[in-house]
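You asked for a quick read of this one before you set anything up. Here are my notes, in the order I'd go through them myself.

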Amino acid sequence: MSEPAAAKSNPFDPALFKPEAISDETLAANEALRKATSAGPDWWDIGAPAYRAAVAAGRGPFPPPPKSERARTLQIDGKGGHKVALRVVAPERARGVYLHIHGGGLVFGSSEGQDPMLERIVESTGMACASVEYRLAPENPYPAGWDDCESAALWLVKNAKSEFGTDVLTIGGESAGATLTAATLARLRDRHGYSGFRAAILSYGNYDTSMTPSQTLTPERGLLVGKVNIRRFTEAYLPKSADPRDPDVSPLYAHLRKMPPALFSVGTLDPLLDDTLFMYARWIAAGNEAELAVYPGAPHAFNIFPMPLGTPANARIDAFLKRAIS
């Protein structure tokens, strides 16, 4: 079958969600991913710092991504005197700026680990890319990461023109990065009166920390991410006193008026499938433009790892961004 089935005009086409929609190539890639990620200790057993160090040293399931020769790091002022780093990859003449927020369950990931993605988007769209080095849990629980992303976005609103020669802004992220993207858009609208982002890329985010049905029904040990992982991440970043349905934590419950056009992407085997389906519907119901791309058989993070459906998904993301700044 043809892989780019997500291009169907009706994103809720039942055919996309049936087992027979999954290609043999995707099934084989899923099995390879399962084997690659099944070995080794769980991060909560050895601690997040030790796990991060192992991944950085190449002892994870995949080698560390290559560094971009043209990447540079900017240090900007965050809240409470905290400095926030922005990893920047930019062309000579930027057509816009893409603020990227990485994933990793709010416990893992780094701006330096995004160089290949930033390079791809620079080449595909002509935009400058800036990835936020936000503080991670459990050392820095909520709202540290949220505050850093808000600071980065506000800095770009004020300084993109002088720094990159353009004030055309877009924003996006994957997994926890998509969660933070939605929260950042709401914060800038409500706290700073800014709703000028041209586009948002929202890839398989967790938009309901109290857990959607697809989260609660997923196996304890799923493909890459299961119910155990979701709970452990939540315990790491969310204080016990916090409300898991606080709109700042779970943007599914936020007012979504005055949001930019968004592209929602998700695989049908992702435990966060419902999060994307629900958020897409709420985005539309609030009067915003949105597209939904559903990829049959794709697991969580499928466009970050070397998966067959990642190529068409990333091409659609790049095309969406390019149209937004045209």
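The points below start with the overall fold and work down to single residues.

1. **What we're looking at.** Bear in mind that this is a predicted model. The protein has 326 residues, and a compact globule of that length would have a radius of gyration near 20 Å; the model comes out at 18 Å, which agrees. The C-alpha trace spans about 50 × 45 × 40 Å along its principal axes. As for burial, 55% of the 326 residues count as buried. If you only take contacts with a separation of 6 or more, 74% of them are between residues 24 or more positions apart.

2. **The sheet.** The protein has ten helices and eight strands. Eight strands make up an open, mixed sheet, and the order to keep in your head is β1-β2-β4-β3-β5-β6-β7-β8. At the edges you'll find β1 (72–77) and β8 (290–295); each has a single partner strand, so one side of each lacks a neighbour in the sheet. On average, neighbouring strands are turned by 20 degrees against each other, ignoring direction.

3. **The two ends of the sheet.** At the β1 end, β1 and β2 (residues 83–89) run antiparallel and are joined by six bridges. One pairing to click on there is R72, whose bridge partner in β2 is V88. This hairpin has five residues between its strands, and G80 takes a positive phi near 65 degrees. At the β8 end, β7 (residues 262–267) and β8 run parallel, again with six bridges. There, A262 stands opposite A290 in β8.

4. **Helices on the sheet.** Helix α9 (residues 273–285) packs on the sheet and touches β6, β7 and β8, with its direction at about 160 degrees to that of β7. Helix α6 (residues 176–192) also packs on the sheet. Its contacts are with β3 (97–101), β5 (169–174) and β6 (200–203), and its direction makes about 145 degrees with that of β5.

5. **The nonpolar core.** In soluble globular proteins, nonpolar side chains tend to be buried together. Here the largest nonpolar core has 96 residues. Which residues have the most contacts inside it? They are V132, Y134, F164, F264 and W283. Take Y134: setting aside neighbours within four places in sequence, its contacts include I101, H102, L106, C149, A176 and L180. D148 is also among the residues that Y134 contacts.

6. **Salt bridges, the buried case.** The total is 22 salt bridges. The one I'd look at before assigning charges is E150 with R187, where the closest N and O atoms are 2.7 Å apart. E150 sits in helix α5 and R187 in helix α6, 37 residues apart. Are these two buried or exposed? With a relative accessible area of 3%, E150 is under the 20% cut-off and so counts as buried. R187 is buried as well, at 4%. The pair belongs to one network of salt bridges with shared partners, made up of K79, D147, E150, R187, R191 and D248.

7. **Salt bridges, the partly exposed cases.** E139 pairs with R52, with closest N and O atoms 2.8 Å apart. Since E139 is in the loop between β4 (128–133) and α5 (144–164) while R52 is in helix α3 (residues 48–56), the pair ties together parts 87 residues apart in sequence. E139 is partly exposed at 42% relative accessibility, and R52 is partly exposed at 21%. Then there is R221 with D42, at 3.1 Å between the closest N and O atoms. This pair spans 179 residues, linking the loop between α7 (213–217) and α8 (227–237) to the loop between α1 (24–38) and α2 (43–46). D42 is partly exposed, at 22% relative accessibility.

8. **One more residue in the α7–α8 loop.** T218 has its place in the loop between α7 and α8. Its relative accessibility is 11%, so T218 counts as buried. Not counting residues up to four places away in sequence, T218 touches G226, K227 and P271.

How values were computed:
Residues numbered from 1 in each chain as written. Predicted model: local features only at pLDDT ≥ 70, side-chain atom pairs only at ≥ 80, totals over all residues. Heavy atoms only, no water. Pairing = 2+ DSSP bridges. Helix = DSSP H or I, 4+ residues; strand = E, 2+ residues; numbered from the N terminus. Axes fitted to C-alpha atoms, helices over the stretch in contact; angles between N-to-C directions. Contact = heavy atoms within 4.5 Å. Salt bridge = Lys/Arg side-chain N within 4 Å of Asp/Glu carboxyl O. Buried < 20%, exposed > 50% of the residue type's maximum accessible area, 1.4 Å probe, protein only. Core = buried A, V, L, I, M, F, W, Y, C linked by side-chain atoms within 4.5 Å. Rg over C-alpha atoms; globule rule 2.2 N^0.38 Å.
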